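Grab your favourite viewer and a coffee. Below are some short exercises, each with a worked solution.

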Amino acid sequence: MCSETGSRYTGMLLLALATAAIIANLLLYFPNGQVLEPAKITDFVWFFHGFLGAGLLVMVPALMLLRGGGEGCCAQRCGMLFPVLLAIQGTVGAVYCVVISSLGLLSGPFCDTGSGNYTYPFRNDSLEDSYLFNQPTWATCQEPEHIVLWNVVLFSILLGIGIVEAMLCLSQVISGLCDIYCGTCIRKGQDPSTRL
């Protein structure tokens, strides 16, 4: 975590990914660009996994990494613990996004199958019969138009963002713990035992 350049690049990447996650989650509220009643929106969208999980919970450690380094960033092992805790927070948020996105993909969209009633037509499919691998079944959903494609693309984007964010945040956790434990930022001639 004391590598100023590496941390800043990681922070920039995490900030861009968090922004993209918030935008993707926002788009899930407007299937195919339509404004729907809240009751007609897929339930997993309401878990705010892009806003909260991959968005805000990851933005905090990203901004800390962007601020990065500086004089005395590694002056004390106790001072290095805070960035590790923020990276753990980011990891938890990203994993939350991965879990909810996976569940959203598996259950499918909330749509009108032609009867005028909204339902989850793919929710009880087994993995072998999943709508994800059987594109002709997507025609089951008639309203909103192209809702299956809309959900598959956006939940997949959020899944990918969450995986990358989790790996980046976890790498910062490991790096920070190594810095704390091994004392990699010791100044020349300084006794490691005096840094506590």
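**Exercise 1: aromatic rings**

How many aromatic pairs does the count come to? Then classify F44 with F47, and F48 with F51.

*Solution.* Keep in mind that this is a predicted model.

Step 1. The count comes to eight aromatic pairs, taking ring centres within 6.5 Å as the rule.

Step 2. One of them is F44 with F47, whose centres sit 5.5 Å apart with 25° between the planes. Planes under 30 degrees apart count as stacked, so F44 and F47 form a stacked pair.

Step 3. Check the surroundings of those two rings. F44 has a relative accessible area of 12%, so it is buried. F47 comes out at 38%, so it is partly exposed.

Step 4. Now for F48 and F51: the ring centres are 6.2 Å apart and the planes meet at 45°, which means the pair is tilted. F48 is partly exposed at 36% relative accessibility, and F51 is partly exposed too, at 23%.

Step 5. Zoom out a little from that tilted pair. F48 and F51 belong to one aromatic cluster together with Y29 and W46.

**Exercise 2: a charge and a ring**

Which ring does the charged end of R123 sit over?

*Solution.* Look at Y120: the charged end of R123 sits over its ring, 3.7 Å from the ring centre.

**Exercise 3: the overall layout**

In what order do the elements run from the N terminus on?

*Solution.*

Step 1. Take stock: the protein has four helices and two strands.

Step 2. Walk along the chain, and the order reads α-α-α-β-β-α.

Step 3. Add some totals. Of the 196 residues in the protein, 42% are buried. Among contacts with a separation of 6 or more, 77% are between residues 24 or more positions apart.

Step 4. Pick one long-range example. V173 is in helix α4, and its C-alpha atom is 8.6 Å from that of T91, although the two are 82 residues apart along the chain. V173 has a relative accessibility of 8%, so it counts as buried.

**Exercise 4: two helices and a ruler**

What is the end-to-end reach of α2, and where does α2 bend? Do the reach for α3 as well.

*Solution.*

Step 1. Helix α2 covers residues 49-67, which is 19 residues. From first C-alpha to last, α2 reaches 25 Å, close to the 27 Å expected at 1.5 Å a residue.

Step 2. Look for the bend: α2 turns by about 40° at M59, and the proline P61 follows within four residues.

Step 3. Both of those residues are on the list of buried residues in α2, which also includes H49, G50, G53, A54, V58 and L65. If you fancy checking spacings in that list, recall that an α-helix has 3.6 residues a turn, so residues three or four places apart point the same way.

Step 4. Helix α3 takes in residues 81-107, 27 residues in total. The reach of α3 is 39 Å, close to the 39 Å expected. G108 follows α3 and has a positive phi, near 80°.

**Exercise 5: the record against the model**

Where does UniProt place the feature "transmembrane region"? Pick two of the spans and see what the model makes of them.

*Solution.*

Step 1. The unreviewed UniProt entry puts the feature at residues 12-32, 44-66, 78-106 and 147-170.

Step 2. In the model, residues 12-32 are 81% helix and 0% strand, with the end C-alpha atoms 30 Å apart.

Step 3. Residues 147-170 come out as 100% helix and 0% strand, and their end C-alpha atoms lie 34 Å apart.

**Exercise 6: backbone oddities**

Which peptide bond is cis, and what is phi of N32 and of H146?

*Solution.*

Step 1. The bond from E143 to P144 is cis, with omega near -15°. P144 lies in the loop between β2 (118-119) and α4 (147-182).

Step 2. H146 is in the loop between β2 and α4. Its phi is near 60°, a positive value in a residue other than glycine. With a relative accessible area of 48%, H146 is partly exposed.

Step 3. N32 is in the loop between α1 (4-28) and α2. Phi of N32 is positive, near 55°, and N32 is not a glycine. Its relative accessible area is 30%, so N32 is partly exposed.

Key:
Residues are numbered from 1 along each chain as its sequence is written. This is a predicted model: local features need pLDDT of at least 70, side-chain atom pairs count only at pLDDT 80 or more; totals for chains, interfaces and linings use all residues. Side-chain values use heavy atoms; hydrogens and water are left out. Rings of Phe, Tyr and Trp (its six-membered ring) pair if their centres lie within 6.5 Å; planes under 30 degrees apart count as stacked, over 60 as edge-to-face and the rest as tilted. Buried means under 20% relative accessible area, exposed over 50%, partly exposed in between (1.4 Å probe, protein chains only). A charge sits over a ring if NZ of Lys or CZ of Arg is within 6 Å of the ring centre and within 35 degrees of the ring normal. The expected span of a helix is 1.5 Å times one less than its number of residues. The bend at a residue is the angle between axes fitted to the seven residues ending there and the seven starting there. UniProt positions are given in the numbering used here, feature names are shortened, and annotations may be inferred rather than shown by experiment. Contact means heavy atoms within 4.5 Å.
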